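Trainee: I would like a close look at one part of this model, set against the chain as a whole. Please take it step by step.

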Amino acid sequence: MRDLHKDARERLRGLSKENAERVGAHLVMAGRLLDADPEAAYAHAQAAVRRAGRVDVVREAAGIAAYRTGRFAEALRELRTVRRLNGSSEHLPLMADAERGLGRPERAIALAASEEARTLDAETRTELAIVVSGARSDLGEHDAALVVLDRIPAAERKGDLGLRVLQARAVALESAGRTDEAATVLAGIDPEALQRAVGGGEMPADDVVVFDAYDESADEGNEAEADA
């Protein structure tokens, strides 16, 4: 539990101490493994859901892991549940990209035009714009895909987020058949920095996998705790 973010620990207070420790261990491992081994991260998130399925951070972990393993319909269900539980729209970019993954780019664009999208902070709005650019490309609207990226304020194109914007521009140009321009966009960028920015990594050297044996009766009791 000590490796879990303070806010997440607070959300687990409704559980028994023992159950909170087990759930917290699964959440920590889900976070550690998300880049290196998404399927293992998904398994940990599911184990946490079985023990505390009515806690928002648990469903959040399940939604993110489902998204990272290509389970887009499941990711949408989980992230919508998170939104109902805590009222936050912070995962709107993931939800929009999940719609793209399901072959529904028009729904991704609609999410970006929703009232919720107007409540996002600058970084999350930029992440959403990157998704919308991809959705426009999916629809063959290549010029529109580039315009979306052009509208991102310069102040929001710095650091790793700025590298992701550049990669999105290269992808949009590639989709439009403008391969030379796409190569020019990424020329001079450190490949390792770009990889870090877009995600991915090696398996932690000190990886410890913590799996549960599923006990349905125990789970029912644990979920009752979360409702109390």
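Among contacts in the chain between residues at least 6 apart in sequence, what percentage join residues at least 24 apart? And which residues of helix H9 are buried?

Mentor: This is a predicted model. Of the contacts between residues at least 6 apart in sequence, 59% join residues at least 24 apart. The chain has 13 helices and zero strands, and buried residues account for 43% of its 228 residues. The accessible surface is about 12000 Å², with 48% of that belonging to carbon and sulfur atoms.

Now the part you asked about. Helix H9 spans residues 142-150, and its buried residues are Ala 145, Leu 146, Val 148 and Leu 149. These residues lie on the same side of H9, because they cover an arc of only 150° around the axis. The spacing follows a general rule: an α-helix has 3.6 residues a turn, so residues three or four places apart point the same way. The cover over the buried residues of H9 includes helix H8 (122-138) and helix H10 (159-175).

Two of the buried H9 residues, Ala 145 and Leu 146, also appear in a nonpolar core. To place that core, start with the largest one, which has 49 residues. Leu 12, Val 23, Leu 27, Val 57, Val 58 and Leu 92 have the most contacts inside the largest core. A second core of seven residues is separate from it and includes Ala 145, Leu 146, Ala 170 and Ala 182.

Elsewhere in the chain there is one aromatic pair. Tyr 67 and Phe 72 form this pair edge-to-face, with 6.0 Å centre to centre and 65° between the planes. Tyr 67 counts as buried because its relative accessibility is 17%, under the 20% cut-off. Phe 72, at 22% relative accessibility, therefore counts as partly exposed.

A word on confidence. The mean pLDDT of the chain is 87, and 86% of the residues reach 70 or more. Among the elements, helix H6 (residues 92-101) has the highest mean pLDDT, 98, and helix H13 (residues 216-227) the lowest, 43. Over residues 200-228 the pLDDT is below 50, although this stretch has 49 contacts in the model beyond near neighbours in sequence. Where pLDDT is low, the predicted coordinates should not be read in detail.

Technical notes:
Residues are numbered from 1 along each chain as its sequence is written. This is a predicted model: local features need pLDDT of at least 70, side-chain atom pairs count only at pLDDT 80 or more; totals for chains, interfaces and linings use all residues. Side-chain values use heavy atoms; hydrogens and water are left out. pLDDT is the predictor's confidence in each residue, from 0 to 100. Helices (H or I, at least four residues) and strands (E, at least two) are DSSP runs, numbered from the N terminus. Contact means heavy atoms within 4.5 Å. Buried means under 20% relative accessible area, exposed over 50%, partly exposed in between (1.4 Å probe, protein chains only). Accessible areas come from the Shrake-Rupley method with a 1.4 Å probe; for residues, only the protein chains shown count as cover. A nonpolar core is a set of buried Ala, Val, Leu, Ile, Met, Phe, Trp, Tyr and Cys residues joined through side-chain atoms within 4.5 Å. The arc is that of the directions from the helix axis to the C-beta atoms. Rings of Phe, Tyr and Trp (its six-membered ring) pair if their centres lie within 6.5 Å; planes under 30 degrees apart count as stacked, over 60 as edge-to-face and the rest as tilted.
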